[in-house]
Amino acid sequence: LWWAHSPPARLPRPPPAAAGSCPVGPCGRRAYAPPAERKRFYQNVSISQGEGGFEINLDHRKLKTPQAKLFTVPSEALAIAVATEWDSQKDTIKFYTMHLTTLCNTALDNPTQRNKTQLIRAAVKFLETDTVCYRVEEPPALAELQKNEWDPVVTWAEKRYNVTIGSSTSILGPNIPASTKETFVSHLASYNMWALQGIEFVITQLKSLILSMSLIDRHITVEKAVLLSRLEEEYQIRRWGNVEWAHDYDLCELRARTAAGTLFVHLCSESSTVKHKLLQD
Amino acid sequence: MAALGAPLRTLRALLREVRHAAGRSYRDSPAYRHVLAAFRAHRVTSEKLCRAQQELHFQAATYLCLLRSVREHEALHREYHGRGERSPQEVAGLVGFRLPQQPGGKG
């Protein structure tokens, strides 16, 4: 499909290297303009079921991944969500808003070519530099805020997984015992490959294994996880003021990616069955 | 369990977001029908704390967060980051100058 074609966007003309005034082009073109986006080339988006799973149809064409594999997802709800992403594109296609599609493509293509063990290792490695374990000593207001907001999550994780994690104010970070890492490794091994891609993605976004696990275990909401991940930024915003085009922009992007990752994990690791109870007379 | 609030509130907000995403014929869109069907299917239960219900509510809240933040992010991008650089004429016009038409600064 579109990815199989040659690269779509014309690269912007580089700014002239000559010193002095910038010459105006014949049509008065800007030195830099954002690259032209691919227009929406399809009318209808629909879902169909194939042998491998659910597929997305853009008009009559089947959606393919960047490596030209057929785009197949195991879950119908996930296929519906991806179809909604494609359907919600107005005139131009904005790939940076299509997080679920990107996640599915990553799971299907595995461009970094990591196997399950490597993915789990990458995920658990984050524990050594987990955000909620790194504490400051000053300013005291921030240290207090970290203690009040992050301690409950760490305690929850320690109780839920029966491990020791702790926190640290030193630059080296907390000392995570090997048994803790092994517990997380064996817990993550229970997820399938697709769900693991999603988990690793969420961990990379939130910069915290503990927050990601509490999100995936449904202990906190996405908004709360993002807030805890950005705790120091929120503290500074409250102190110095909010800059919409930077802070809100980053906040919305982080929320979108984290929500997409979490939804992806849940939709890839569930199997729903409807059990009908007998009606009592 | 996460503090989620009332499921009805989440459902209404989610349906509103799906309307935004789907456009004119939102009621026929697969997302709208799927969300409604899922909520209806989980409504009838005799248990007080139904795990499947809570899971569905959490999923709905997560999807709502996704749709809402994508919409807000796109709006912010359009407003602040979507316009590229100003042309030399615009930059000159910011301080009230005009670019010269002839080399050497005359005219």
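**View 1. Chain A and chain B bury about 3600 Å² between them.** Carbon and sulfur atoms give 65% of that area; buried area here is the accessible area (1.4 Å probe) that two parts lose on being put together, summed over both. This is a predicted model, where local features need pLDDT of at least 70, side-chain atom pairs count only at pLDDT 80 or more, and totals for chains, interfaces and linings use all residues. Side-chain values use heavy atoms, without hydrogens or water, and residues are numbered from 1 along each chain as its sequence is written.

**View 2. A:Arg218 and B:Glu55 join up in a salt bridge (3.9 Å, N to O).** The rule finds 1 salt bridge across this interface, meaning a side-chain nitrogen of Lys or Arg within 4 Å of a carboxyl oxygen of Asp or Glu.

**View 3. Here's the contact between the chains: 42 residues of chain A meet 38 residues of chain B.** Contact means heavy atoms within 4.5 Å.

**View 4. Inside chain A, domain 1 (45-101) sits beside domain 2 (116-270) in contact, with 8 residues from each taking part.** These bounds come from an automatic or database domain assignment. The domain centres, taken over C-alpha atoms, are 29 Å apart.

**View 5. The two domains of chain A bury about 700 Å² between them, 83% of it on carbon and sulfur atoms.** On the domain 1 side, A:Leu78, A:His99 and A:Leu100 lose the most area to domain 2, together 63% of what that side buries. As for salt bridges, the rule finds 0 across this domain interface.

Terms used. Chains lettered and ligands numbered in written order.
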